[in-house]
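Let's take a friendly walk through this fold, strand by strand and turn by turn. Please keep the 3D view open as you read.

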Amino acid sequence: MPPDLTVRINGVMATAIRGQRLTVTLWNAGIAFSRIARDGSPRAPFCGMGICMECRVRVDGEIVLACLTRVADGMDIHTDA
């Protein structure tokens, strides 16, 4: 299925496929981590079911879990959550 949505990830335009989770959108954009911890270390999705909270991202100003959130056209995603 070809990409049919456009999102912005950390200020860079990227494409996404309707219905996919944000973790997949990030991975397809070449981003293997979801956020940077306070100590500066990159954190990646771990459990994939919303329990570990490691996949937190900021979408349109709101903190969400990337493993549970489906991509929508025009999202502004930041990995600084």
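Two strands are said to pair if DSSP finds at least two bridges between them. With 2 bridges, strand 1 and strand 7 (residues 76–78) pair in the parallel sense. Here Ile9 stands opposite Ile77 in strand 7. Please bear in mind that this is a predicted model.

## The overall picture

The protein holds 1 helix and 7 strands, and along the sequence they come in the order β-β-α-β-β-β-β-β. Its radius of gyration is 12 Å, close to the 12 Å that the globule rule gives for 81 residues, so the protein is as compact as a globular protein of that length. Along the principal axes, the C-alpha atoms fill a box of roughly 35 × 25 × 20 Å.

How much of the protein counts as buried? Of the 81 residues, 35% do. The exposed surface comes to about 4800 Å², and carbon and sulfur atoms supply 56% of that area. Among contacts with a separation of 6 or more, 39% are between residues 24 or more positions apart. As for charge, there are 9 positive and 8 negative side chains, and the centres of the two sets lie 4 Å apart.

## Two hairpins

Let's begin with strand 1 (5–9) and strand 2 (12–16), which have Asn10 in the loop between them. These two strands run antiparallel and are joined by 5 bridges. Leu5 has Ala16 as its bridge partner in strand 2, while Arg8 stands opposite Met13 in that strand. The strands form a hairpin with 2 residues between them, in which Asn10 takes a positive phi near 50°.

Further along the chain, strand 5 (residues 56–59) and strand 6 (residues 62–65) also run antiparallel, with 4 bridges joining them. The bridge partner of Val59 in strand 6 is Glu62. This pair forms a hairpin too, with 2 residues between the strands and a positive phi of about 50° at Asp60 in the turn.

What makes these phi values worth a look? Most residues other than glycine have a negative phi. Asn10 has a positive phi of about 50° although it is not a glycine, and Asp60 likewise has a positive phi, near 50°, without being a glycine. Buried, partly exposed or exposed: where does Asn10 fall? Asn10 counts as partly exposed because its relative accessibility is 36%. Asp60, in the loop between strand 5 and strand 6, counts as exposed because its relative accessibility is 54%.

## Strand 1 and the helix

Strand 1 has two faces: Leu5, Val7 and Ile9 make up the covered one, and Thr6 and Arg8 the uncovered one. Val7, placed in strand 1, has a relative accessible area of 1%, so this residue is buried. What does Val7 touch, not counting residues up to four places away in sequence? The list is Val12, Met13, Ala14, Thr25, Val71, Ala72, Gly74, Met75 and Ile77.

One of those partners, Thr25, lies in helix 1 (residues 22–28). Thr25 is buried because its relative accessible area is 0%, and buried means under 20%. Leaving aside neighbours within four places in sequence, Thr25 is in contact with Val7, Ile9, Ala16, Gln20 and Val71. Val71 is named among the contacts of Val7 and among those of Thr25.

Between strand 2 and helix 1 there is a loop, and Ile17 is found in it. Ile17 has a relative accessibility of 23%, so this residue counts as partly exposed.

## Distances across the chain

Here are some residue pairs with their separations in sequence and in space.

| Pair | Separation in sequence | C-alpha to C-alpha distance |
|---|---|---|
| Ile17 and Arg70 | 53 residues | 9.8 Å |
| Thr25 and Arg56 | 31 residues | 14 Å |
| Val7 and Arg38 | 31 residues | 26 Å |

For Ile17 and Arg70, 53 residues apart in sequence, the C-alpha atoms are 9.8 Å apart in space. Thr25 and Arg56 are 31 residues apart along the chain, with 14 Å between their C-alpha atoms. Val7 and Arg38 are 31 residues apart in sequence, and 26 Å separates their C-alpha atoms.

Note on methods: Residues numbered from 1 in each chain as written. Predicted model: local features only at pLDDT ≥ 70, side-chain atom pairs only at ≥ 80, totals over all residues. Heavy atoms only, no water. Rg over C-alpha atoms; globule rule 2.2 N^0.38 Å. Buried < 20%, exposed > 50% of the residue type's maximum accessible area, 1.4 Å probe, protein only. Contact = heavy atoms within 4.5 Å. Areas by Shrake-Rupley, 256 points an atom, 1.4 Å probe, with all protein chains shown as cover. Lys, Arg positive; Asp, Glu negative; His and termini not counted. Charge placed at Lys NZ, Arg CZ, Asp CG, Glu CD.
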